[in-house]
Amino acid sequence: MAALSLPNIAQLIDDGEITIGMLRPVGCVATAADEDCTYAMLVRRRGESLFQLLARLDQAIDKGLTLGIFTDEINR
C-alpha cells in the first residue's frame with residue numbers, strides 16, 4: 001500500500017485537532033477544527049475506506065485554510 005500524504009491534517013494538528021468516531025444517529029464522522037473555527041465536518045460515505053475519508057478531510061481542510069470554504073455534511 002502506498003504511503004498516504006495528508007499535509008493539511010499534519011499542519012492543522014500542530015495547533016488544532018481532528019476527531020473520527022461515531023455520532024449517533026448520523027454515523028461515522030470526521031471533524032477538523034482549531035480554537036478559532038471548524039474547517040470540516042464530514043460523514044463517512046457508504047463503502048468509503050478510512051483512508052478515503054482522511055483524504056477527503058485533508059482536502060476539506062485545504063479548502064477551509066486557502067479559500068475560507070468550510071464543509072459541513074452533518075448539519076445540512
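Two strands pair if DSSP finds at least two bridges between them; strands (E, at least two residues) are DSSP runs, numbered from the N terminus. Residues are numbered from 1 along each chain as its sequence is written. This is a predicted model, where local features need pLDDT of at least 70, side-chain atom pairs count only at pLDDT 80 or more, and totals for chains, interfaces and linings use all residues, while side-chain values use heavy atoms and leave out hydrogens and water.

**Exercise 1.** Work out the strand order of the sheet and find its edges.

*Solution.* Start with the order: the open sheet of 4 strands runs S1-S2-S3-S4, with mixed pairing. Next, look at the ends: S1 (17-23) and S4 (71-72) each have a single partner strand, so one side of each lacks a neighbour in the sheet.

**Exercise 2.** Trace the partners of S3.

*Solution.* Take S2 to begin with: S2 and S3 pair in the antiparallel sense over 5 bridges, and they form a hairpin with 4 residues between them. Within this pairing, Ala33 has Thr38 of S3 as its bridge partner, and Thr31 has Met41. Now turn to S4, which pairs with S3 in the parallel sense over 2 bridges; here Met41 stands opposite Asp72.

**Exercise 3.** Is S3 largely enclosed, and is Glu35 buried or exposed?

*Solution.* Buried means under 20% relative accessible area, exposed over 50%, and partly exposed in between (1.4 Å probe, protein chains only). In S3, 5 of the 6 residues are buried, so the strand is largely enclosed by the rest of the structure. Glu35 lies in the loop between S2 (27-33) and S3 (38-43) and is exposed, at 76%.
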